[in-house]
Amino acid sequence: MSSPVATDPLLRIDHVTLRFGGLVANADVSLEVPEGQILGLLGPNGAGKSTLFNLISGTYRPSEGRIIFRGQDITGLSAPERCRRGIARTFQVPRSFDSMNVVENVIVGGFARHASAAAARRVALETLDFAGLAHRAEAVAGELTPPEKRRLEVARALATGPRLLLLDEVLTGLTPSEAKAGVELIRKVAATGVTVIMVEHVMEVVMPLVDRAVVLHLGRVLAEGHPTEVVRHEGVITAYLGERHRAA
Amino acid sequence: MTTLTTALAPGSLPARAEASYAAKRRRKLVVAALVFAALAALPYGIRDVYLQNVLILTLMYAALSQSWNILGGYCGQVSLGHALYFGFGAYATTVLFVTYGVLPWFGMLAGGLLSAVVALGLGYPCFRLAGHYFSIATIVIAEIGLLLVHNWDFVGGAMGIQWPFNPDSWWTLQFARDKIPYVHFAVGFLAVVWFVTWLIEGSRWGYWWRAVKDDAQAAESLGVEVFRSKMAAAAVSAFFTAIGGGFYAAYVSYIDPESVMSFRFSLLFALPAVLGGIGTLWGPLVGAAILIPLTEISRSYLGGSGNGLDLMLYGVLVMVVALARPEGVLSLFRRTRKARNEEATP
Ligand SMILES: Nc1ncnc2c1ncn2[C@@H]1O[C@H](COP(=O)(O)OP(=O)(O)O)[C@@H](O)[C@H]1O
Ligand SMILES: [Mg+2]
């Protein structure tokens, strides 16, 4: 497989804007994500984080701007085509296929890599093992506990064999010990060479995990940099973290 | 590509799961072979012609409902216009045989292919419609089709077409003296549609279709070609529905627009699957085995099918199932199995 020049980022978002009628959900967003990073995408509710994921994964098309993945302009490509090229995502509200059991859910992802059912199933079983869900393989997806549902989302996305994984609040609402297990899984995924962009609100989780952080506010990039710099950013404190954080 | 999975040691858990899955798939085939063999033997124990007729219709509607289930149950695109394809099959078979002397076997095939092509042509605009709008569009299109056939003299218009009387033969699918061959054709038809559905269930299409039904947007993000999935399901579904139409025409040996294309048929294809269990291998047969005998009884007692009483009966039945068992009668059995699984897992 031809690899782009070493200095090329894996993903480049180039002046992207998306409007919903009068509402600007993403305004002139530009970002670069180098291969191998864990990038934290932060910002208050309604900042446009999920919208940006939808733009990267092809659920929405930008009103303006371009999205470049591995050196190629993918702005006009469909969501399934982007998946085949190596972009996978989870949804903020888990969207499992509830008429299927867990392994069948993951097999759907496996078919992005293999047309053969046996190969897709093998990938799915191995991915479930990797994601720590193998013991639930035969459970009906609709009956999983919330943390298991999140794990299933991740496993399903991983089964497509992504180079870039978009995680939308996969740790939100988990107990501290569940979140810790989730962090371990994310680290394990990153260790296989998958680049990760993750949306997460709990700063204690984000700070040690991510290599770089980007803060969105009202659809714009408010700050960007090492997580320790970003949390000291004056605008970020007022818009997102609040006075409490400054005091701490 | 990243080698996430190849980096893993091939654990024994996936290997075992794979083997048990393959065994489970094979078991389904064996069960099906036994069921169909038993159904084929059934008419030798039922000498009564009226009951044989009920059996033939039950098997035929089971197969037709399975055909509907491919699009409506697996792919989640609820068509209430499949009478259109049934009519195409019936008319193609009848016109080709009566007017041109083409054997019904080829007529059915022609009707099937025609229906598949029409389904693709109609799917192109219709699959851009969401949910209920899709269903409404299918009703409207089928009604338009019915009107067109009504006014098309070449295919008999409102008068319909009578099949000529011929000696009993598998070539012409005409059996005036003995209905057992029709039972066998219907069992064979059901077995073929069942087997095709079984194949699909284990293939990429099967997984794609179910993913489209459950959540199209999530499916797309996992590489599923949603539009193509719907088109493929529609073509396969229409093809087999038309085969059933051709068989029905041979069986009743007289067709007119109302007797093969009325809305009643569209309901009769959807209801058994809904009743028995939508998107399952056995739901349509279970549903047809309940619904079709009931239909025939109500026909004898309430008199005729023209008064719409039987439609009301189906409506009530489906509402009861929808309220009590949204997943169909078959789910009664699946629940107990699931409960057992849960006891087994700590
Ligand atoms: N499909 C949509 N149609 C209209 N407005 C939308 C849509 N999706 C998101 N929005 C709006 O865009 C803004 C950003 O939403 P979102 O990206 O979900 O924020 P976040 O994920 O950062 O909480 C919000 O004001 C939201 O109401
Ligand atoms: Mg969000």
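Helices and strands are here taken as DSSP runs, of at least four residues for a helix and at least two for a strand, and they are numbered from the N terminus. With that naming, A:Arg70 can be placed in the loop between E4 and E5 of chain A. The structure is a predicted model, and the points below go through the sheet of chain A, two of its residues with a positive phi, and then chain B as a whole together with a patch on its surface.

**The sheet of chain A**

- Four strands of chain A make up an open sheet in the order E2-E1-E4-E5, and their pairing is antiparallel.
- At the edges of this sheet lie strand E2 (23-33) and strand E5 (72-73) of chain A, each of which pairs on one side only.
- Strand E1 (residues 11-20) and strand E4 (residues 64-69) of chain A run antiparallel and are joined by five bridges; within this pairing, A:Leu11 has A:Phe69 in E4(A) as its bridge partner.
- Helix H1 (residues 49-57) of chain A packs on the sheet, where it touches E1, E2 and E4 of chain A, and its direction makes about 115° with that of E1(A).

**Two residues with a positive phi**

- Most residues other than glycine have a negative phi.
- A:His15, which is not a glycine, nevertheless has a positive phi of about 50°; this residue belongs to strand E1 of chain A.
- A:Arg70 is likewise not a glycine and has a positive phi of about 50°, but its place is in the loop between E4 and E5 of chain A.
- Are these two residues buried or exposed, or partly exposed? A:His15 has a relative accessible area of 45% and is therefore partly exposed, whereas A:Arg70, with a relative accessible area of 19%, falls under the 20% limit and so counts as buried.

**Chain B as a whole**

- The secondary structure of chain B consists of 14 helices and two strands, and of its 346 residues 51% count as buried.
- When contacts in chain B between residues at least 6 apart in sequence are considered, 76% of them join residues at least 24 apart.
- Chain B has an accessible surface of about 15,700 Å², and 70% of this surface belongs to carbon and sulfur atoms.

**A nonpolar patch on chain B**

- On the surface, B:Ile136, B:Val140, B:Ile144 and B:Leu148 form a nonpolar patch whose accessible area comes to about 370 Å² together.
- One of these residues, B:Ile136, lies in helix H5 (residues 131-150) of chain B, and because its relative accessibility is 48%, B:Ile136 counts as partly exposed.

Note on methods:
Residues are numbered from 1 along each chain as its sequence is written. Chains are lettered from A and ligands numbered from 1 in the order in which they are written. This is a predicted model: local features need pLDDT of at least 70, side-chain atom pairs count only at pLDDT 80 or more; totals for chains, interfaces and linings use all residues. Side-chain values use heavy atoms; hydrogens and water are left out. Two strands pair if DSSP finds at least two bridges between them. Contact means heavy atoms within 4.5 Å. Axes are lines fitted to C-alpha atoms, for helices over the stretch in contact, and angles run from 0 to 180 degrees between N-to-C directions. Patches are made of residues with over 30% relative accessible area and no salt bridge: like charges are joined within 9 Å, nonpolar side chains (Val, Leu, Ile, Met, Phe, Trp, Tyr) within 5 Å. Accessible areas come from the Shrake-Rupley method with a 1.4 Å probe; for residues, only the protein chains shown count as cover. A salt bridge is a side-chain nitrogen of Lys or Arg within 4 Å of a carboxyl oxygen of Asp or Glu. Buried means under 20% relative accessible area, exposed over 50%, partly exposed in between (1.4 Å probe, protein chains only).
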